[in-house]
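Let's take a walk through this assembly together, starting with the places where chains meet and ending with a single side chain. Keep the viewer open as you read.

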Protein chains: 4
Amino acid sequence: MPHQLAHHAYGKHRVRVSKIKRPRRGAASTERHELIEAAVDIELEGGFAPAYTDGDNASIVATDTCKNTVYALAKDDPFDTIESFGRTLAEHFVSTYDHITRAGVTLHQHSWARLLDCPHAFTGSDAETPTARVVAQRGAPTRVEAGVTGLMIAKTTESGFSGFHRDAFRTLPDTDDRIFATELTASWVYADQEVDFVASRSAIRKAMLARFIDHYSESVQQTLWLMGQAALDACDAATSITLTMPNKHHLLFNLAPLGRENDNEVFVSTDEPFGWITGTVTR
Amino acid sequence: MPHQLAHHAYGKHRVRVSKIKRPRRGAASTERHELIEAAVDIELEGGFAPAYTDGDNASIVATDTCKNTVYALAKDDPFDTIESFGRTLAEHFVSTYDHITRAGVTLHQHSWARLLDCPHAFTGSDAETPTARVVAQRGAPTRVEAGVTGLMIAKTTESGFSGFHRDAFRTLPDTDDRIFATELTASWVYADQEVDFVASRSAIRKAMLARFIDHYSESVQQTLWLMGQAALDACDAATSITLTMPNKHHLLFNLAPLGRENDNEVFVSTDEPFGWITGTVTR
Amino acid sequence: MPHQLAHHAYGKHRVRVSKIKRPRRGAASTERHELIEAAVDIELEGGFAPAYTDGDNASIVATDTCKNTVYALAKDDPFDTIESFGRTLAEHFVSTYDHITRAGVTLHQHSWARLLDCPHAFTGSDAETPTARVVAQRGAPTRVEAGVTGLMIAKTTESGFSGFHRDAFRTLPDTDDRIFATELTASWVYADQEVDFVASRSAIRKAMLARFIDHYSESVQQTLWLMGQAALDACDAATSITLTMPNKHHLLFNLAPLGRENDNEVFVSTDEPFGWITGTVTR
Amino acid sequence: MPHQLAHHAYGKHRVRVSKIKRPRRGAASTERHELIEAAVDIELEGGFAPAYTDGDNASIVATDTCKNTVYALAKDDPFDTIESFGRTLAEHFVSTYDHITRAGVTLHQHSWARLLDCPHAFTGSDAETPTARVVAQRGAPTRVEAGVTGLMIAKTTESGFSGFHRDAFRTLPDTDDRIFATELTASWVYADQEVDFVASRSAIRKAMLARFIDHYSESVQQTLWLMGQAALDACDAATSITLTMPNKHHLLFNLAPLGRENDNEVFVSTDEPFGWITGTVTR
């Protein structure tokens, strides 16, 4: 059989780890806890071909071992951010195993916010999800990307869409007042690892949101470009950013047959189909 | 065929409506908008048997008409709360159609919070979902329930579980320090309709959360009971409340085989299986 | 606090158990396996009030113990059907624990079908899901319901909807040719437990499907009624059946603005909103 | 602002289209229908930069127009397969609009199988989903990939995992008898477009399944390699294939504390975490 194994990779996905951090010790009910939680995906590349082609497992670090590694290093590492913990994990695989040439670690954080100033109580959110992706590669600097997904934002005016291409299949009219609702996914690349991950994330998030509302939007495309530029302007450490902004259409409901005028008030919210717009902005 | 049609109902589900409310008119970019969005389920009961048994559709108010009704009344009604809009809808069906004896309307709100004080921008959340259920019935007062679902809360200490039933299938040890994480669903019944829905919801939500953190929890059951009582104490208008608190287990990961001690720090988050605990508290 | 604990229940949900059954032993590669898998929800009622009201856990059979019970009894029981295994579980709780008065067990089967006649290989399906619910109650006969959910069926003609109620909010025109697509959920009650669960399920499923296609449908309501009657006629052991048939609308796309006629050919498939129709048929 | 727009693309996702095909005309109740349904994602690249950087929409073919195109061409095209319809769509965008340089079309088919030999009734499946991806590019041949996702397959024996890397974090023991369950995603590339899409898909699917069961599996990696080779051997038109096989772990439940021996019979089915294995096989 003259077939080639052109690419191969494996690992463990959805390793869900949480850690309680106790900066100082006190009575259980008064010491101040931090709670961090993430789902970790690990993907390894390297000298694993014999496992595929010869049924020889000697080189395989079991995906179960990958899972154990996440929990062991969650104990050892301060786990301050998903970026720093991801870096610890990615570099561990490359430095520990000679035959692993590349380790990609993707993390989705489950956000917990303090509840009512209680030192040990939290309220969770499933919507806005901080993300990180770290790639450690033998002989190259580790690459850290940070990002966010599921960040729902909307403007109820100051958004239009007009003057677009006209052809036989166009039925959509021009509008200068529509709802602009999206669920932002963004990820940005850091120039090196000596970055304050917390401050950088905060600055980029704030800059994107401020830009989202500071202009009349001609199109999702235009606003995406403006938000991407704002992110880079707010954080010198970021060299490029990719934004994806699905257009979560809120369609004006036609009330005319029901004897009412819809003065841009009542809308149908839809999930399908949705406009999909992406762009990458670099310096 | 001597079969009976013992029960029947129909309606439209997942009617997703959003409304922009403009309390005062101004320039588009400065007037202050409110945005409310909900998914509405309508369920009708009444004299529809001939449609089932005789193929006679004359009594059916089409589910498409139900959908139209939601949008038409979203225009007419102030849509201040899902409770009040649900009541408008439920009573509309019973008062408009002589052959409808009962209309149940369930609403799931999609929460939008103002973004950065912008008059027309919002950020959304999928997690905590306010709910309402209104049942209008011919010859009886309309019944309004309000509630919440998807409210994730957790305590990293001040929670234990010990002294429970011991038998041949028990393997779980006693513990006096565990993570208590749940995704609260609650719904409460109002004595009558003359209720300030906004203030009542706020008072009940706040009371439940404050109670969640003010005691050492012997069990989910005990905390549920305490939270239910607190809710009723906080709102005279509520006559009963049902809480359901799945136990979203965070299991201590066994680090011993990896040469580390887990001092209640590193946990596996799990979705399945989960403990399921419910209770109804009345005055 | 004069509050009452009006209702309470608890248990374990989503206990996912699978079992390999080996009717006869042979070489591993030739013996014929059966594979059965289900997610089990257990809900217990009884003398648990002190756990809620006094923080006294002595009566609680831990939800972890409930989980253990599922796996232990999966070993002991033949696990031939979800109905029989559910009965074993429900009756175990009531017969083992004096203070448990009622045990409800709900099972969702994950279907595995044999793959290519291999004795030990299977292909799975997530769509059509056999269900069972068994309630064991102290001093009363155990009640067994069987059912199905997620059974997607569609007719591309022989279905219409006309002559329905006409009012100010109706915009839907009459039609005598539309797609009828639904995702059937049905559950039926057995008169007693001496039932051939496999044969009964098969007969009811077959009868419902045959009836779905044998007539011109005036409405979902009418077809639901006919299918319910057919189910009862096909199985003497079933005393009643409840069907729920969401109308998964396939809407004709308006091609006229695009210069084409849509001769009932091209449709938009939608999930939201959907018509919701239910009915219970008894003897 | 010296920022660059390094990459950009947009389109419409989740355009859900279904088509009834009537090979010959007859009485409505006897003519034989075919029903095909898919969700279509369209992604366009080309001269759209001014929309991003200058707010100039003239080059934008609205995502709404993309949607209209799907339905119009569903009317014109025979829509025999998702591959051929995808090709029609992708090439339409590049040939119709001078400024579009690349059009990617991804299709997920919703499978409908004939119900009980009825000429116009079908039963659906959500699990195994045929996929296609077609990329039309100006000045280059159109590239067609076909694939499948969600194909659940399992072996209850003839699968082991032993001899893998041993280190401080390994706790998993060797085994020579375990359940091998996966949800196969595969996609293969066709050398050119003159392919019988139906026969090729059928041959590849059959070859992969036959290979899945014909050997003792040393690892998921080995079986993936064997299945990939079998696919290429079964279809000359395919030049490469990528398979991804998550390991849907079925873990042996420890019955020892419950006084029972688990003779490889009773398992816990889990979704998280899961092993993730991928490989690309070429000629």
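A good place to begin is with chain A and chain D, which have four salt bridges between them. Please keep in mind throughout that this is a predicted model. One of the salt bridges of this pair of chains brings together the side chains of D:Arg16 and A:Glu272, with N and O 2.9 Å apart. Polar contacts add to the picture: 37 residue pairs, both partners at pLDDT 80 or more, are in polar contact between chain A and chain D.

Which parts of chain A face chain D? The elements that each give two or more residues to this side are strand E1 (4–13), strand E2 (15–21), helix H1 (49–53), helix H2 (63–76), helix H5 (220–234) and strand E12 (274–282) of chain A. Of these, E1(A) provides the largest share, with 10 residues. Sorted by class, the side of chain A that touches chain D holds 28 nonpolar, 30 polar and 12 charged residues.

Now look at the extent of this interface. Here 70 residues of chain A are in contact with 70 residues of chain D. Together the two chains bury about 6,000 Å², and 59% of that lies on carbon and sulfur atoms. On the chain A side, the residues that lose the most area to chain D are A:His3, A:Phe169 and A:Trp276, which together account for 13% of what that side buries.

Strand pairing also crosses from chain A to chain D. E1(A) runs antiparallel to strand E12 (residues 274–282) of chain D, and nine bridges join the two. To find the register in your viewer, locate A:His13, which stands opposite D:Phe274 in E12(D).

The contact between chain A and chain C offers another view. How many residues of chain A are in contact with chain C? Eight residues of chain A touch eight residues of chain C. The area buried between chain A and chain C is about 580 Å², with carbon and sulfur atoms giving 60% of it. A:Phe169, A:Thr171 and A:Leu258 supply 53% of what chain A buries against chain C, more than any other three residues. A:Phe169 is thus a residue to highlight twice, being also among the three in chain A that lose the most area to chain D.

What about polar links between chain A and chain C? The count of salt bridges there is zero. Residue pairs in polar contact, both at pLDDT 80 or more, also number zero. By class, the side of chain A that touches chain C has four nonpolar, one polar and three charged residues.

Let's step back to the charged pairs of the whole structure, where a search over all chains finds 72 salt bridges. One of them joins the side chains of B:Glu128 and B:Arg205, at 2.7 Å from N to O. This pair links distant parts of chain B, 77 residues apart: B:Glu128 sits in the loop between strand E5 (121–125) and strand E6 (129–137), while B:Arg205 belongs to helix H4 (residues 197–213). B:Arg205 is partly exposed, at 33% relative accessible area.

Another salt bridge, between D:Lys75 and C:Glu265, has its closest N and O atoms 2.6 Å apart. This one crosses between chains, from helix H2 (residues 63–76) of chain D to the loop between strand E10 (250–252) and strand E11 (266–269) of chain C. Are the two partners buried or exposed? D:Lys75 counts as partly exposed because its relative accessibility is 22%, whereas C:Glu265 counts as buried at 17%. The cut-off that separates them is 20%.

Within chain D, the side chains of D:Glu31 and D:Arg22 form a salt bridge at 3.0 Å, N to O. Here D:Glu31 is buried, with a relative accessible area of 3%, and D:Arg22 is buried too, with 15%. Salt bridges can also join up into a network, as they do for A:Arg14, A:Arg16, A:Glu37, B:Glu183, B:Lys248, B:Asp271 and D:Glu272.

We finish at a single residue, A:His92, in helix H3 (residues 82–96) of chain A. A:His92 counts as buried because its relative accessibility is 15%. Leaving aside residues up to four places away in sequence, A:His92 touches A:Thr69, A:Leu73, A:Tyr97 and D:Phe169.

Notes
Residues are numbered from 1 along each chain as its sequence is written. Chains are lettered from A and ligands numbered from 1 in the order in which they are written. Side-chain values use heavy atoms; hydrogens and water are left out. Contact means heavy atoms within 4.5 Å. Buried area is the accessible area (1.4 Å probe) that two parts lose on being put together, summed over both. A polar contact is a pair of N or O atoms within 3.5 Å; within protein, one must be able to donate a hydrogen and the other to accept it, and residues adjacent in sequence count only if both atoms are side-chain atoms. Helices (H or I, at least four residues) and strands (E, at least two) are DSSP runs, numbered from the N terminus. Ala, Val, Leu, Ile, Met, Phe, Trp, Tyr, Cys and Pro count as nonpolar, Asp, Glu, Lys and Arg as charged, and the others, Gly among them, as polar. Two strands pair if DSSP finds at least two bridges between them. Buried means under 20% relative accessible area, exposed over 50%, partly exposed in between (1.4 Å probe, protein chains only).
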